[in-house]
Amino acid sequence: MSKKITIEPVTRVEGHGKVTIKLNDAGEVTDSRLHIVEFRGFERFVQGRPYWEAPVLVQRLCGICPVSHHLAAAKALDVIVGAGTGDGLTAVGDKMRRLMHYGQFFQSHVLHFFHLSSPDFLFGFDGDPVTRNIIGVIQENRDLAIQGVMMRKYGQEVIKHTAGKKVHGTGAIPGGINKNLSIAERDILLNGADPLNADKMVEWSIGALEFFKGYHKANVKTVDGFANFPSNHLSLVREDGAFDIYNGVLRAVDTNGNRILNDVDCQDYDKYIEEEVRNWSYMKFPYLKSLGKEKGWYRVGPLARLNVCDFIPTPLAQKEFEEFKAYTHGKPNGMSLHYHWARLIEVLHSAEMIRDLLNDPDLQNDDLVVKGEKLYKGVGVIEAPRGTLFHHYEINKDDQITLANLIVSTTNNNQPMNTAVNLTAKSFMNGQKEITEGMMNAVEVAIRAYDPCLSCATHAMGQMPLEMTLINEKDEIIDRKNK
Amino acid sequence: MNDTIKFKIDSQEIVAKKGQTIVEAAKDNGVYIPTLCNFEGVKPKGCCRMCTIKVNNRFMTACTTPAAAGMEVENDSAELNDIRKSIIELLFVTGNHFCPSCEKSGNCELQAFGYRYQMMVPRFPYNFPQKGIDASSPKIIKDQNRCIMCKRCIKTIKDEEGRNYFAFQNRGSELAVVLDKKLGKEMTDELAKLAMENCPVGSIIYKEIGFEKPIGTRKYDKQPIGSEIEV
């Protein structure tokens with residue numbers, strides 16, 4: 001008898017998601033979908049508000065990566081207040097924002113890897129769910145857990161000193177920033193007592209990478225074979241091709257590494273990218289217009305960024321990047337669990353960047369804001385921890401927002417996550433007599449590799465237990481399992 | 001002739017100058033009585049009722065009641081503080097006060113009272129009004145959903161000829177403080193900034209410079225409203 005399996009809600013993921021998997025009479029997966037079932041509506045209710053409110057209002061989309069929304073909106077509004085398209089700010093404005101952004105990258109990636117994903121590696125995809133969580137990590141590997149917690153804390157401290165508070169600050173304003181970094185704040189972050197200082201964070205970032213590489217070496221088949229599929233990749237890169245998460249041009253490559261979007265201006269993003277609406281999810285499906293809906297979808301995020309950029313402009317991360325690229329002989333990497341590898345290389349790069357920025361005297365400058373001739377449309381593109389983030393605003397002559405379009409990282413990864421879910425479901429469930437909790441978790445592992453944070457496109461509230469429902473062709477429930 | 005009188009607030013002896021209101025006398029003696037519509041330099045009206053006290057066991061407004069010798073005033077009591085809290089809650093539910101995205105946050109008296117009186121969830125249902133925004137002035141935005149109609153702007157923002165920039169419009173539930181369209185277009189920077197400063201909430205916003213003060217340096221970031229008076 002054919003069945004439909006529903007995993008709802010998906011756990012250890014920020015936001016509310018549901019997975020349905022259809023099985024035919026032979027027990028083979030015929031179709032699967034990751035549904036985003038909540039609607040948030042920020043693009044609508046920001047309309048009518050004064051434009052300078054947007055960076056503070058829209059960041060409320062998320063509690064993990066609010067800085068990304070804060071900065072993407074501020075960058076869009078830089079254009080509107082005549083401060084240019086990314087390179088027009090003062091040195092202190094640009095560098096304070098970058099420091100804030102690297103602080104967030106650091107804490108968010110650490111949260112993603114240590115708190116949400118490491119339990120799957122430490123205890124196995126089918127480990128006991130009672131211990132397969134961050135509490136279990138603390139009990140099993142105390143040092144690793146403490147490092148994760150303290151690294152996240154350090155990132156949050158960087159945000160606090162640049163944005164005013166750890167979550168939902170106000171540091172970036174149109175045309176610049178509202179504070180510089182005092183000498184006292186710099187010294188706290190640079191030379192704080194162990195472990196909360198920049199050098200220790202670099203050291204621990206290397207350790208985290210070694211942990212993952214050790215796991216990879218011992219589990220090559222799982223890590224490389226899990227949801228491995230070819231795709232296009234899209235990312236922001238600096239104009240010289242360097243890895244850059246704050247400013248640059250848009251570049252996309254296909255599965256062979258050929259450029260399919262060649263360093264285009266972010267202000268023109270809507271010439272190249274379109275979103276498709278499907279009636280079973282609140283999350284849209286973006287694609288490159290030139291390739292169409294079927295072939296134009298792409299991955300974003302750590303894996304995509306390393307597949308797209310030419311080099312990383314800090315020495316330790318560059319060394320790791322070279323090893324990462326050599327693993328696929330320079331070709332784009334399509335292995336979903338390698339997202340974590342790429343993510344940890346970005347953690348190292350962020351730690352290096354934080355250390356370098358803290359040593360930069362420009363952070364103590366006082367020329368905080370730049371303004372020029374006002375425009376009525378602005379686009380801000382930034383690399384959020386989960387991937388490329390687009391903010392597009394238009395205003396009227398009375399300074400009220402008339403249009404807002406946000407394409408968030410999660411949305412950009414919609415089709416890849418669906419593909420990963422499908423491959424994982426087939427791999428773990430095809431022909432199985434019984435659907436186990438471990439199989440269900442494997443599907444979630446695929447989602448978590450991309451994004452533990454669906455709240456940008458959805459709505460996050462508390463803990464989310466997993467529910468899986470088996471449904472036959474007539475949509476009758478024949479079995480139900482809860483985690 | 002003796003120009004001072006003595007009375008008591010919560011059993012504490014207060015020495016007041018003749019002609020002072022209870023609020024003024026309390027302030028001079030380091031006793032805080034909360035006020036919202038009351039504003040220095042403007043004749044008090046007692047319309048917001050935040051300064052409600054009990055004088056000889058009768059409810060009075062401290063901003064309009066002259067101090068008199070021998071008065072027994074009750075101020076910082078559970079009953080009166082709950083009345084004040086309920087006033088704050090009513091103001092919250094009759095407007096749309098979304099502190100997280102309001103640039104007056106940290107400098108807002110209504111928000112500061114919310115913290116002072118430990119308002120968690122209002123006891124009244126939210127109205128979610130849709131009163132709109134007047135953004136037609138090149139200098140300010142008047143957000144009607146945040147206006148608590150304290151009249152401070154009406155009383156303090158005038159041009160050199162004494163003409164009001166703000167005025168009441170309509171009556172009853174339709175009552176609104178509106179900006180004179182013609183004068184609003186000619187508003188100076190100084191007056192626009194003063195209007196924002198005098199507004200106790202985020203209803204009057206000076207245009208294009210938002211969130212300029214970093215968190216930690218705003219008026220109520222470090223200490224609660226009233227602590228500048230309390231001894």
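Hi everyone. In chain A, buried residues make up 54% of the 483 residues. Please keep in mind throughout that this is a predicted model.

Let me stay with the overall picture of chain A for a moment. Its C-alpha trace spans about 70 × 50 × 40 Å along the principal axes. How does the radius of gyration of chain A sit beside that of a compact globule? For 483 residues the globule would come out near 23 Å, and chain A has 22 Å, so the two agree. If we take the contacts in chain A with a separation of 6 or more, 70% of them are between residues 24 or more positions apart. As for the building blocks, chain A has 17 helices and 16 strands.

Now to a pair of helices. Two packed helices are described by the angle between their axes and the distance between the axes. Here the pair is H4, residues 91-123, and H14, residues 338-358, both of chain A; they pack at an angle of about 145°, and their axes are 9 Å apart. The crossing of H4(A) past H14(A) is left-handed. If you want to find the contact on your screen, the residues from H4(A) include A:Leu99, A:Tyr102, A:Phe106 and A:Phe113, while those from H14(A) include A:Leu344, A:Val347, A:Ile354 and A:Leu357. What classes of residue does this contact have? There are 12 nonpolar, 6 polar and 4 charged residues.

On to the strands. Strands of a sheet pair through backbone hydrogen bonds, either parallel or antiparallel. One open sheet in chain A has 4 strands in the order S8-S7-S6-S11, with mixed pairing. Which strands stand at the edges? They are S8, residues 259-264, and S11, residues 298-299; each has a single partner strand, so one side of each is left without a neighbour in the sheet. The partner I'd like to show you is S7, residues 249-253 of chain A, which runs antiparallel to S8(A) and is joined to it by 3 bridges. Within that pair, A:Ala252 stands opposite A:Leu261 of S8(A).

My next stop is strand S13 of chain A, residues 387-395. Is this strand mostly covered or mostly open? Mostly covered: 8 of its 9 residues are buried. Let's look at its pairing with S12, residues 377-384 of chain A. S12(A) and S13(A) run antiparallel, joined by 8 bridges. A hairpin of 2 residues connects them, and A:Ala384 stands opposite A:Gly387 in S13(A). S13(A) also pairs with S14, residues 401-407 of chain A, again antiparallel, through 6 bridges. There, A:His391 faces A:Leu406 in S14(A). The hairpin of S13(A) and S14(A) has 5 residues between the strands, and in it A:Asp399 takes a positive phi near 75°.

One single residue deserves a quick look too. A:Asn219 is in the loop between helix H8 (198-218) and helix H9 (220-225) of chain A. Why does A:Asn219 count as partly exposed? It has 15 C-beta neighbours inside 10 Å, and a residue needs 20 or more to be buried and 12 or fewer to be exposed. From C-alpha to C-alpha, A:Asn219 is 24 Å from A:Arg305, with their positions 86 residues apart in sequence as the separation.

Last of all, chain B. Where the two chains meet, 17 residues of chain B are in contact with 18 residues of chain A. On the chain B side, that means 8 nonpolar, 4 polar and 5 charged residues. Thanks for listening!

Notes. Residues are numbered from 1 along each chain as its sequence is written. Chains are lettered from A and ligands numbered from 1 in the order in which they are written. This is a predicted model: local features need pLDDT of at least 70, side-chain atom pairs count only at pLDDT 80 or more; totals for chains, interfaces and linings use all residues. Axes are lines fitted to C-alpha atoms, for helices over the stretch in contact, and angles run from 0 to 180 degrees between N-to-C directions. A crossing is left-handed if the near helix is turned anticlockwise from the far one by less than a right angle, and right-handed if clockwise. Two residues are in contact if their C-beta atoms, placed from the backbone, lie within 7 Å. Ala, Val, Leu, Ile, Met, Phe, Trp, Tyr, Cys and Pro count as nonpolar, Asp, Glu, Lys and Arg as charged, and the others, Gly among them, as polar. Two strands pair if DSSP finds at least two bridges between them. The radius of gyration is taken over C-alpha atoms; the globule rule is 2.2 Å times the number of residues to the power 0.38.
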